[in-house]
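Please open the model in your viewer and keep the sequence panel visible. The tour below proceeds by selections, each followed by a description of what is found there.

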Amino acid sequence: MEVIMALVVGGMVACAVYLFLSRQYLRMMFGVILLSNAVNISILTVGRITQGMPPLIGQGEEVMATVVSNPLPQALILTAIVIGFGLLSFALALGWRAYQEMDTLDTNDMRAAEPGDRS
């Protein structure tokens, strides 16, 4: 299962890089979403995909008797989802404001807002 997930992550990263190389701002944002999801899946895969019980120690026990799931990757992924959503929201707000000012989402046309060469 880990091999399949690694191939899926590789495909998602390749698609994200392709979208990053686009000149359209919205496509770049779709690349950010795709790369964020690829990183989350890779964290889950590195934490090993095992089927187990919740990691709770019963009363009177000192060690876990059965195979349990690893809670650390799940916590990292939850944190990454929140941070990724904040980043995406901020980037989309900047893109919306840039579209209002320049009437374009083409990044080459947005270069007109940069100061000219001062030499």
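A residue is called buried when its relative accessible area is under 20%, exposed when that area is over 50%, and partly exposed in between. The structure on the screen is a predicted model.

**First stop: a salt bridge between two loops**

Select Arg-23. With a relative accessible area of 47%, Arg-23 is partly exposed. Now add Asp-106, which forms a salt bridge with Arg-23; the closest N and O atoms are 2.7 Å apart. Arg-23 belongs to the loop between H1 and H2, and Asp-106 to the loop between H3 and helix H4 (107-110), so the pair ties together parts that are 83 residues apart in sequence. Asp-106 has a relative accessible area of 10% and is therefore buried.

**Second stop: a salt bridge within one helix**

The count of salt bridges comes to two. To see another pair, select Arg-97 and Glu-101, whose closest N and O atoms are 3.0 Å apart. Because these residues are four places apart in helix H3, about one helical turn separates Arg-97 from Glu-101. Arg-97, at 46% relative accessibility, counts as partly exposed, whereas Glu-101, at 55%, counts as exposed.

**Third stop: Trp-96**

Remain in helix H3 and select Trp-96. Is Trp-96 buried or exposed? Its relative accessible area is 53%, so Trp-96 is exposed. Next, select Leu-26: the C-alpha atoms of Trp-96 and Leu-26 are separated by 9.8 Å, while the two residues are 70 residues apart along the chain.

**Fourth stop: the largest pocket**

Select Ser-36, Ala-80, Ile-81, Gly-84 and Phe-85. The largest pocket has a volume of about 240 Å³, and these five are the closest to its centre among the 13 residues that line it. Which helix gives the most to the lining of the largest pocket? Helix H3 does, with seven residues. Both H2 and H3 (71-102) supply at least two residues of the lining.

**Fifth stop: Asn-40**

Select Asn-40 in helix H2, which spans residues 25-46. Asn-40 counts as buried because its relative accessibility is 9%. Leaving aside residues up to four places away in sequence, Asn-40 touches Ile-77, Ala-80 and Ile-81.

**Last stop: a nonpolar patch**

Finally, select Val-13, Val-17, Phe-20 and Leu-21. Together these residues form a nonpolar patch on the surface, with about 340 Å² of accessible area. Val-13 is placed in helix H1, residues 2-20, and its relative accessibility of 31% makes Val-13 partly exposed.

Conventions:
Residues are numbered from 1 along each chain as its sequence is written. This is a predicted model: local features need pLDDT of at least 70, side-chain atom pairs count only at pLDDT 80 or more; totals for chains, interfaces and linings use all residues. Side-chain values use heavy atoms; hydrogens and water are left out. Patches are made of residues with over 30% relative accessible area and no salt bridge: like charges are joined within 9 Å, nonpolar side chains (Val, Leu, Ile, Met, Phe, Trp, Tyr) within 5 Å. Accessible areas come from the Shrake-Rupley method with a 1.4 Å probe; for residues, only the protein chains shown count as cover. A salt bridge is a side-chain nitrogen of Lys or Arg within 4 Å of a carboxyl oxygen of Asp or Glu. Buried means under 20% relative accessible area, exposed over 50%, partly exposed in between (1.4 Å probe, protein chains only). Contact means heavy atoms within 4.5 Å. On a 1 Å grid over the protein atoms alone, a cavity is a set of points where a 1.4 Å probe fits but cannot get out, and a pocket is an open set with protein on both sides within 12 Å along at least five of seven lines; lining residues have an atom within 4 Å of a point. Grid points are joined across faces, edges and corners, and a volume is the space filled by probe spheres set on the points.
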